[in-house]
Amino acid sequence: MKLNALIVEDEAKSREILRNYLTKYCPNISILGEASNVEEALVLIRNNDLDVVFLDVEMPYGNAFDLLDKVGDIDFETIFVTAYNHYAIDALNAHASYYLMKPISIDELIKAVDYVMEIKTKEDALQNQVFAPNTKAVYGKITLPQQDGFEVIDTKDIMYCKADDNYTEIYLNNNKKKLVSKTLKYIEESLKESNFARVHKSYLVNVNEIVKYVKGKGGSVVLSNGKEVIVSASRKSELLSYFK
């Protein structure tokens with residue numbers, strides 16, 4: 001796992017030292033950007049998917065806590081890097097993952113990164129567990145992972161699912177679309193207790209929404225919303241078994 005990181009530090013020399021330490025001693029860190037003040041940091045935070053922010057406390061035109069207040073809903077871990085120990089309580093109250101003192105100890109930096117890595121690994125494991133098939137599933141429901149948690153939807157509301165590389169597009173009967181960072185095969189496994197048929201390598205359809213079958217080598221199916229989906233020849237017999 002790589003952690004996407006941002007360095008927020010007003011002193012150029014301090015940024016350089018931290019960047020060099022991270023590059024040399026923390027190979028699981030990917031530095032997406034650097035900022036020298038609150039406003040620059042805010043732009044980068046809002047435009048990047050971050051796992052961790054290395055955050056100096058004192059900066060021009062505001063401090064670290066002003067930045068966190070402006071961010072609001074924080075979905076990344078924070079490692080404070082400062083020369084002042086009297087901010088420790090405030091950092092704790094801001095749910096900081098780690099508090100590093102300047103000059104930076106390489107050993108402490110590695111510990112801080114390892115700690116954040118452990119947090120993120122546990123979060124990913126929990127998210128996968130929430131979405132995993134055959135684990136205390138609520139009948140007729142499926143959970144879709146999101147950045148801030150997960151969304152629960154009724155399987156009957158799904159019209160069809162379409163593969164998009166390692167993602168899946170889930171089309172609902174209210175004309176809305178959900179993009180999920182799971183493969184179609186994974187979605188298929190999650191929906192195997194419901195009436196969903198894999199009619200093509202790229203398509204999984206809700207059998208209950210099929211209103212017409214068009215003959216052909218594999219043929220195609222038309223769903224209740226008018227969407228026509230091609231059926232692979234190798235999947236044809238499996239599909240037709242639902243209607244015998």
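**Exercise 1. Describe how E11 is joined to its two partner strands and how enclosed E11 is.**

Step 1. Four antiparallel bridges link E11 to E12. Helices and strands here are DSSP runs (H or I, at least four residues; E, at least two), numbered from the N terminus. Two strands count as paired if DSSP finds at least two bridges between them. The model is predicted: local features need pLDDT of at least 70, side-chain atom pairs count only at pLDDT 80 or more, and totals for chains, interfaces and linings use all residues. Residues are numbered from 1 along each chain as its sequence is written, and side-chain values use heavy atoms, with hydrogens and water left out.

Step 2. Pick out a residue pair. Ile 170 has Lys 178 of E12 as its bridge partner.

Step 3. Inspect the turn. Four residues lie between E11 and E12 in their hairpin, and Asn 175 there has a positive phi near 70°.

Step 4. Go to the other partner. E10 (residues 158-164) and E11 (residues 167-172) are antiparallel and share six bridges. Tyr 160 is matched with Tyr 171 of E11. Ala 163 is matched with Thr 168 of E11.

Step 5. Inspect that turn too. The hairpin of E10 and E11 has two residues between the strands, and Asp 165 in the turn shows a positive phi of about 55°.

Step 6. Check burial. Buried means under 20% relative accessible area, exposed over 50%, partly exposed in between (1.4 Å probe, protein chains only). Five of the six residues of E11 are buried, so E11 is largely enclosed by the rest of the structure.

**Exercise 2. Give the strand order of the five-stranded open sheet and find its edges.**

Step 1. The order is E12-E11-E10-E14-E13, with antiparallel pairing.

Step 2. E12 (177-180) and E13 (196-200) are the edge strands. Each has a single partner strand, so one side of each has no neighbour in the sheet.

Step 3. The twist averages 20° from one strand to the next. Axes are lines fitted to C-alpha atoms, for helices over the stretch in contact; angles run from 0 to 180 degrees between N-to-C directions.

**Exercise 3. Repeat the analysis for the three-stranded open sheet.**

Step 1. The order is E15-E16-E17, again with antiparallel pairing.

Step 2. E15 (210-214) and E17 (228-230) are the edges, each pairing on one side only.

Step 3. Neighbouring strands are turned by 25° against each other on average, direction ignored.

Step 4. E15 and E16 (residues 220-223) are antiparallel, with four bridges. Tyr 213 has Val 221 of E16 as its bridge partner.

**Exercise 4. Place strand E6 (residues 77-82) in its surroundings.**

Step 1. Count burial. Six of the six residues of E6 are buried, so the strand is largely enclosed by the rest of the structure.

Step 2. Split by face. In a regular strand the side chains alternate between the two faces of the sheet. On one side of E6 sit Glu 77, Ile 79 and Val 81; on the other sit Thr 78, Phe 80 and Thr 82; all are buried.

Step 3. List partners. E3 (residues 52-55) runs parallel to E6 over four bridges. Leu 55 stands opposite Phe 80. E7 (residues 98-101) is also parallel to E6, over four bridges. Val 81 pairs with Leu 100 of E7.

**Exercise 5. Characterise the environment of Ala 5.**

Step 1. Ala 5 belongs to strand E1 (residues 3-8).

Step 2. Its relative accessible area is 0%, so Ala 5 is buried.

Step 3. Contact means heavy atoms within 4.5 Å. Leaving out residues up to four places away in sequence, Ala 5 touches Ile 29, Ser 30, Ile 31, Leu 32, Gly 33, Leu 50, Val 52 and Phe 54.

Step 4. Ala 5 and Glu 77 are 72 residues apart along the chain, and their C-alpha atoms are separated by 9.4 Å.

**Exercise 6. Describe the packing of H2 (residues 38-47) with H3 (residues 64-71).**

Step 1. The axes of H2 and H3 come within 10 Å and cross at roughly 35°.

Step 2. The crossing is right-handed: the near helix is turned clockwise from the far one by less than a right angle.

Step 3. H2 contributes Val 38, Glu 39, Ala 41, Leu 42, Ile 45 and Arg 46; H3 contributes Leu 67, Lys 70 and Val 71.
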